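Good morning, colleagues, and thank you for making time on the agenda. I would like to take you through one structure, and I ask that you keep the display in view while I speak.

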Amino acid sequence: MAKHTLPEGSYKSNSENTGSSGTAAEIHATFCFEEDVPIRIWLSERPLSFNAHWHHPLEIIMPVENYYDIEACGCRYHLLPGDILIIPARMVHAVCAPLKGSRYIFQFDDSVLSRIQGYSTIRALMTTCLHITRSSHAYIYNDIYQLILQMQNEYTEASEFHCLMIYSDLIRLLLLICSSSNHCHSCPSAPSCPEPSGYHQRFNTLLAYIEQHYTENLTLEAAASHSGFSKYYFTRLFKQYTNCTFYEYLCFRRISAAEELLLHPELSITEVAMLSGFASISTFNRTFKQRKGCTPSEYRSFHTKKQAFRQNGFITEEKCPIDI
């Protein structure tokens, strides 16, 4: 089987199409996927920067030469060669690239993973970006680094079962982070704290409980009672495990469900709001706009445009109109 061609040339910007100066605000990313291959991996050497935008794939970035700056959810990540940043699917982020340098970029359709039992535990770790360095994740960094290289090699070789092998590697990578005693999020502004021993299984049970009841009127008191913790200790423990509060995570989970439901045109915006767990359409519209930088209707429109490009063999990821 022929090897993949790394799709450096599949990026297109308004500057290339219109002859403009090509500032970050003008650039839209246009991605060309091979048919039935939900994975893209390539070595980028072009100095392309992007204002705040989002796209459907989960993304992993690892600089090889020179730095790479990412801003997401109020955090700035200054990536050095060998650093690894995992950007959750559909997360708004901005990118600043140096004039010279190179970095590996991995993009995965994570809808396959979201249907696997137990994925809620991994989802809880990805309410923000995961910044992995040799110092912050010393015990697992080498294993993660080797999995990164292995995925790149498997993609380049393009053997018959390379997609299965790459997804297997991705799951192993995420499980390493999930099971590590040092899996706290490494946003530079977030303090780190050790994970209490013996609570990992109880926390997984809690996440399964949230997964079953997030569409209901779920309260912090009910979740704490189900977990067998006091309200105070539950609040502190939840923040430690997920780097967000209980209600922030609940909102994150509901918005994630809404994003998936909005892809079904037969559902009205009001139905999507109710099925996602929001008590009113006004709360849903306001929260969605705050989180995604666009209204639910605009999000659905973006997806409709993307589907039109997909029919011609292209996937276009719209820039989200938001400043972060």
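I shall speak in turn about the strands, a helix that crosses them, the salt bridges, and two residues with a positive phi. Please bear in mind throughout that this is a predicted model.

Let me begin with the open sheet. Five strands make it up, in the order β2-β9-β4-β7-β10, and their pairing is antiparallel. At the edges are β2, residues 39–44, and β10, residues 130–132, each of which pairs on one side only. From one strand to the next, the twist averages 15°. As a reminder, strands of a sheet pair through backbone hydrogen bonds, in either the parallel or the antiparallel sense.

At the β10 edge, the partner is strand β7, residues 84–87; three bridges join the two, and they run antiparallel. Within this pairing, Ile86 stands opposite Leu130 in β10.

Which strands does helix α5 lie across? The helix lies across β2, β4 (58–65), β7, β9 (102–108) and β10, and it runs at about 80° to β2. Helix α5 itself spans residues 162–179, and Met165 is found in it. This methionine is partly exposed, with a relative accessible area of 33%. Together with Phe161 and Leu164, Met165 forms a nonpolar patch on the surface, and the accessible area of the three together is about 310 Å².

I turn now to strand β5. This strand covers residues 68–72 and is mostly covered, four of its five residues being buried. It has antiparallel pairings with two strands that I wish to describe. With β6, residues 75–79, there are five bridges in the antiparallel sense. With β8, residues 93–96, the antiparallel pairing extends over four bridges.

Which residues stand opposite Glu71? In β6 the residue opposite Glu71 is Arg76, and in β8 it is Ala94. The hairpin of β5 and β6 has two residues between the strands, and there Cys73 takes a positive phi near 55°.

Next, the salt bridges. In general, side chains of opposite charge can pair when their charged atoms come close. The count in this model comes to six salt bridges, and I have selected several for discussion.

Consider Arg253 and Glu211, whose side chains meet in a salt bridge at 2.7 Å, N to O. This pair links distant parts of the chain: Arg253 belongs to helix α9, residues 246–261, whereas Glu211 belongs to helix α6, residues 200–213, and the two are 42 residues apart. Are these partners buried or exposed? Arg253 is buried, with a relative accessible area of 5%, while Glu211 counts as partly exposed at 26%.

A further salt bridge is formed by Glu221 and Lys231, with the closest N and O atoms 3.0 Å apart. Here helix α7, residues 220–227, supplies Glu221, and helix α8, residues 231–242, supplies Lys231, with the two positions 10 residues apart in the numbering. Both partners are partly exposed: Glu221 has 42% relative accessibility, and Lys231 has 47%.

Helix α9 appears again in the salt bridge of Glu259 with Lys292, where the closest N and O atoms are 2.8 Å apart. Glu259 lies in helix α9 and Lys292 in helix α11, residues 281–292, so this pair ties together parts that are 33 residues apart in sequence. Glu259 and Lys292 are both buried. The linkage also takes in Arg90: Arg90, Glu259 and Lys292 are joined in a network of salt bridges.

Finally, I come to two loop residues, Asn66 and Ala158. Asn66 is not a glycine, yet it has a positive phi of about 70°. Its place is in the loop between β4 and β5, and Asn66 counts as partly exposed at 33% relative accessibility. Ala158, likewise a residue other than glycine, has a positive phi near 55°. This alanine sits in the loop between α4 (141–157) and α5. How accessible is Ala158, and what figure describes it? Ala158 is buried, with a relative accessible area of 1%.

To close, I would draw attention once more to α5, which lies across the five strands named earlier, and to the network formed by Arg90, Glu259 and Lys292. Thank you for your attention.

Methods: Residues numbered from 1 in each chain as written. Heavy atoms only, no water. Buried < 20%, exposed > 50% of the residue type's maximum accessible area, 1.4 Å probe, protein only. Pairing = 2+ DSSP bridges. Patch = residues over 30% accessible without salt bridge, like charges linked within 9 Å, V, L, I, M, F, W, Y side chains within 5 Å. Areas by Shrake-Rupley, 256 points an atom, 1.4 Å probe, with all protein chains shown as cover. Salt bridge = Lys/Arg side-chain N within 4 Å of Asp/Glu carboxyl O. Axes fitted to C-alpha atoms, helices over the stretch in contact; angles between N-to-C directions. Contact = heavy atoms within 4.5 Å.
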